[in-house]
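Hi,

Here is the structure I promised to pass on. Have a look at it first, and then read on for what turned up in it.

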Amino acid sequence: MGILDEEFDEMADAADSREDKRIARLIEKEKKKAERLAKKEAAKREKVAALEAELERDKQLDKLFEEKEKAKIEEASEASAAVETDTRSGEGEASNADTSSASFSQTEGSDAAEVPSDKALSEGNSDGDSGSDSDGDSEEKDILGFKGKKKKSRKDKEDADEINIVKDLISLFIYIVVVILICFCVIRYVGQRSTVDGSSMLTTLEDGDNLWIDKFTYHFKLPERFDIVVFPYQDTDTLYIKRVIGLPGETVQITPTGDILINGVVLEEHYCDYRIENPGIASSPITLGEDEFFVMGDNRNNSKDSRFSDVGNIKRDSIIGKAVFRITPLKKIGRVE
């Protein structure tokens, strides 16, 4: 039993030692944490104290500046009052001098001997005040310099902000102008979107189809046979869309059986199977000029085109562009043939 008791005692001592070490580590850790917090609090207090000191200094400078301004106003008021008093006394002396010229000369002589001149008084006052005002002037210059720096810094910042605003406005204006120019060039020279209105181009195009019109290609080449082109109706804003049938210099005629003859040869077509019932003015041969095209709608019996005199042959310059792509409806999206 004695041996067991000793082992138990040793084990208890070891456990106590480990617990003491753990507690000591915890205490040390808490001390370090407390020291860090204390340092942070001290730094905060120092920062607050510095800010308060700077604020108090600004208040004192403002107060000193106000006192200087007030003193200047009071000095100006006293000087004005003194000038008024001198003016009144001068007027009184002038009235006395009018009574007798002899007495005026005698009085003038005595005054010259006994009374110091205004210049001497002003010099004396300036000499007396120079010592007391020198320190005030230096302090005033410091205050004014400090205020001037603050105002200059604020003004420089405002000027910089105004310059940045002007730059932003100029950049925005240039961006808008560039976008407008690009849009204008695209619509004028490259292409535009157009919507089919009517059934004159069935079954190739249907009412409501949205198309992309290519304006760029015809700047470099002439329209070709079977191109689908867009042109204005009688120089109005109404646009027609038709297919090119006859080319410049060719002779076009539609026979009573509905066949189209190009220079006397029957034209083979693959895009429609309508039999032409009304040949119009094309019942007789029509010879196209060097810049004229003969156009027709694919829905031959429901189309106003070159067979009618109010449309007639289409000049090259009247053709706006070529329909090349169907945008909508989505189920028919793709190239226009």
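Asp235 is in the loop between β3 (228-232) and β4, where helices (H or I, at least four residues) and strands (E, at least two) are DSSP runs, numbered from the N terminus. Its phi is near 60 degrees, which is a positive value in a residue other than glycine. Asp235 counts as exposed, at 74% relative accessibility; here exposed means over 50% relative accessible area, buried under 20%, and partly exposed in between (1.4 Å probe, protein chains only).

Before you go further, keep in mind that this is a predicted model, in which local features need pLDDT of at least 70, side-chain atom pairs count only at pLDDT 80 or more, and totals for chains, interfaces and linings use all residues. Residues are numbered from 1 along each chain as its sequence is written, and side-chain values use heavy atoms, with hydrogens and water left out.

Asn263 is another residue with a positive phi, about 55 degrees, although it is not a glycine. You'll find Asn263 in the loop between β6 and β7 (265-266). Its C-alpha atom is separated by 8.9 Å from that of Thr287, 24 residues apart along the chain. Thr287 itself lies in strand β8 (residues 286-287) and is exposed, with a relative accessible area of 55%. Leaving aside residues up to four places away in sequence, Thr287 touches Glu250, Thr251 and Glu292 (contact means heavy atoms within 4.5 Å).

There are also cis peptide bonds to look at. One joins Leu202 and Thr203, with omega about 5 degrees, and Thr203 has its place in the loop between β1 and β2 (210-214). Another runs from Thr328 to Pro329, with omega near 0 degrees; Pro329 is in the loop between β11 (321-328) and β12 (334-335).

Now the rings. The structure holds four aromatic pairs; rings of Phe, Tyr and Trp (its six-membered ring) pair if their centres lie within 6.5 Å, and planes under 30 degrees apart count as stacked, over 60 as edge-to-face and the rest as tilted. One of them is Phe231 with Tyr240, edge-to-face at 6.1 Å centre to centre and 70 degrees between the planes. Tyr233 and Tyr240 have ring centres 4.9 Å apart and planes at 20 degrees, so that pair is stacked. Ring pairs link Phe231, Tyr233 and Tyr240 into a cluster. Phe231 and Tyr240 are buried, and Tyr233 is buried as well.

Tyr240 also has a charge for company: the charged end of Lys242 sits over its ring, 5.3 Å from the centre. That label needs NZ of Lys or CZ of Arg within 6 Å of the ring centre and within 35 degrees of the ring normal. Arg243 does likewise with Tyr271, its charged end sitting over the ring 3.9 Å from the centre.

On to the inside of the protein. The largest nonpolar core (a set of buried Ala, Val, Leu, Ile, Met, Phe, Trp, Tyr and Cys residues joined through side-chain atoms within 4.5 Å) has 14 residues. Those with the most contacts inside it are Ile245, Val252, Ile254, Ile260, Ile262, Phe294 and Met296. The elements giving two or more residues to this core are β5 (251-254), β6 (260-262) and β9 (292-296). Apart from it lies another core, of 12 residues, among them Tyr240, Phe293, Ile314 and Ile319. As for Met296, its contacts beyond four places in sequence include Lys242, Arg243, Ile245 and Asp305.

Which residues are closest to the centre of the second largest pocket? They are Asp197, Ser200, Leu239, Tyr240 and Ile241, out of 18 that line it. β1 (191-195) and β4 (239-246) each supply at least two residues of the lining, and β4 gives the largest share, four residues.

Finally, the chain as a whole. It has three helices and 12 strands, and buried residues make up 22% of its 337 residues. Among contacts between residues at least 6 apart in sequence, 61% join residues at least 24 apart.

Cheers

Definitions and conventions. 1 Å grid on protein atoms, 1.4 Å probe; cavity = no way out; pocket = protein on both sides within 12 Å on 5 of 7 lines; lining within 4 Å.
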